[in-house]
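Here are a few short exercises to work through with the model open in front of you. Try each one yourself before reading the solution.

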Amino acid sequence: MFENFVPLVRRSGGFKLLKERVIDKDFCTYCGACASFCEHIVLKGRPELVEECSLDFEDVVRCGEAGICHDVCPMTETDERKLEDTFLEGDRDPELGIVRTLTAGSRGVRGQDGGVVTCLLLAGLKNAFFECAIVALRTGGFRAEPSIAASPEEIQEAKGTKYMAAPMVSKLGEAIKEGKRRIAIVGTPCEIRAVRKLQLALLKEIEAIDIITIGLFCFENFDYDLLADKTRELLGLELGGAEKVQIRKGRFIVRSNGEERSCKVAALEDAIRTNCFYCDDFTARLADISVGSVGSPEGSSTVIIRSKKGEALFNLLEDFVSVKVEREELIKTSSLKKEKIKWGNDLPPALKR
Ligand SMILES: Cc1cc2nc3c(=O)[nH]c(=O)nc-3n(C[C@H](O)[C@H](O)[C@H](O)COP(=O)(O)OP(=O)(O)OC[C@H]3O[C@@H](n4cnc5c(N)ncnc54)[C@H](O)[C@@H]3O)c2cc1C
Ligand code: SF4
Ligand code: SF4
Ligand code: SF4
């Protein structure tokens, strides 16, 4: 992957800069993009350098502008307009980003909401739209772990939302190294942003690599241990034993042993990952298709198609049953997320405008 690098005389930032500007400030979303193509970085709850970064030496090969790991991080400077122009095609909505179609509905698969993500992945795999999909499996209680799914069974196994960070983008490098060329990836908006930055920085010259991105709406994500403590304290339930966890209409709902208990999401503020207080993207503005529950009735999914590639994938869902989309509700939630940002002097580079 690194054969495109050119000789460098000056030293650039590299991992040191990424650590200073993102990791040490708790802005890291744990997307895994920095480690995806660099063997010097390992993910141990946060990215760490195992050996010295090549840029710590004089006159070594160049690694991107300020180091690939730094450049592809969703929390460093991002030219969102350039990414939209490169990957998306549709009308520009000031709140929702590029939109070709906004719809809602389901197709008879029980997932987290309307099961649309699982249906899209199953249809894409069946029709050879891609060879594999990067999904998040439930592991260790209600933790999430990224996985490369190459069969319908593996895709089905990943159904349901895990409100935890999983380094999804780290699997992109692994899939490519395994010889996969047409890959679908599901992720939160920050993860999709990292995929787009990787595509632009590293993968654009390699035509055979074809990536389709399915973004999930996302208001916040949680630290597992803190959320487990809160679930015990507020609901009297063990998060690890839950059958389903859902956030809907401002409530955190946990189903365990057939019983459902809930509290206000606002009561979980202390368990939210710090990086999520510095994120302005609710609807995964850079994805080929974005999917979430806000804007549609229970049991259905809201879907935003943002590219021709996304449209072609969505068109494979022949028996999709549409329902009315509550566009205003979607716009309200999206703008609320921006209002909740902890605006101040110490912002991640991605938010500095
Ligand atoms: C952290 C998080 C916060 C969310 N917050 C909101 C919100 O505030 N409002 C809203 O409307 N929707 C939110 N969503 C999206 C929503 O929960 C559903 O994922 C979405 O509606 C798709 O539902 P579905 O029935 O089509 O998914 P399913 O068919 O059940 O498929 C779910 C897919 O999501 C993937 N996935 C599950 N957990 C993760 C994870 N942690 N990281 C990456 N991929 C994952 C799985 O691999 C699976 O492929 C959030 C999702 C996540 C992961
Ligand atoms: S991606 Fe490049 S800059 Fe970053 S740690 Fe690896 S070698 Fe260093
Ligand atoms: S690329 Fe992802 S995992 Fe790496 S520092 Fe940035 S946010 Fe964290
Ligand atoms: S709120 Fe933003 S930073 Fe946090 S997980 Fe969701 S998309 Fe990523």
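**Exercise 1.** Leaving aside its neighbours within four places in sequence, which residues is A133 in contact with?

*Solution.* Keep in mind that you're looking at a predicted model. Start by finding A133 in strand β6. Now skip anything within four places of A133 in sequence, and you're left with contacts to L121, L125, A149, I155, A184 and V186.

**Exercise 2.** Work out whether A133 is buried or exposed.

*Solution.* Count the other C-beta atoms within 10 Å of A133: there are 28. The cut-off for a buried residue is 20 or more, so A133 is buried. For a sense of distance, try P348 next: A133 and P348 are 215 residues apart in sequence and 30 Å apart in space, going from C-alpha to C-alpha.

**Exercise 3.** Trace the open sheet of 8 strands and say which strands stand at its edges.

*Solution.* Walk across the sheet and you'll read off β7-β6-β8-β9-β13-β14-β5-β15, with mixed pairing. The edges are β7 (143–149) and β15 (321–322). Each of these has a single partner strand, so one side of each has no neighbour in the sheet. Now zoom in on β13 (residues 289–292) and β14 (residues 301–305): they run antiparallel, and 4 bridges join them. G292 sits opposite T302 in β14.

**Exercise 4.** Describe the shell around ligand 1: how many residues surround it, and which are the closest?

*Solution.* You should get 34 residues, the closest being G111, T118, V135, F219 and G292. Next, see where they come from: α5 (116–126), β6 (132–139), β8 (182–187) and β13 each supply at least two. The largest share, 3 residues, comes from α5. Finally, sort by class, which gives 18 nonpolar, 13 polar and 3 charged residues.

**Exercise 5.** Do the same for ligand 2 and then for ligand 3: which residues are the closest to each?

*Solution.* Take ligand 2 to begin with. It has 12 residues around it, and the closest are G14, C38, C53, G67 and C69. The elements giving two or more residues here are α1 (14–23) and α3 (68–72). By class, the shell around ligand 2 holds 8 nonpolar, 4 polar and no charged residues.

Then move to ligand 3, which 15 residues surround; C28, C31, A33, C34 and C73 are the closest. For this ligand, α1 and α2 (33–36) give two or more residues, and α1 provides the largest share, 3 residues. The class count for ligand 3 is 13 nonpolar, 2 polar and no charged residues.

Methods:
Residues are numbered from 1 along each chain as its sequence is written. Chains are lettered from A and ligands numbered from 1 in the order in which they are written. This is a predicted model: local features need pLDDT of at least 70, side-chain atom pairs count only at pLDDT 80 or more; totals for chains, interfaces and linings use all residues. A residue is near a molecule or strand if its C-beta atom, placed from the backbone, lies within 6 Å of it. Ala, Val, Leu, Ile, Met, Phe, Trp, Tyr, Cys and Pro count as nonpolar, Asp, Glu, Lys and Arg as charged, and the others, Gly among them, as polar. Two strands pair if DSSP finds at least two bridges between them. A residue is buried if 20 or more other C-beta atoms lie within 10 Å of its own, exposed if 12 or fewer, and partly exposed in between; C-beta atoms are placed from the backbone. Two residues are in contact if their C-beta atoms, placed from the backbone, lie within 7 Å.
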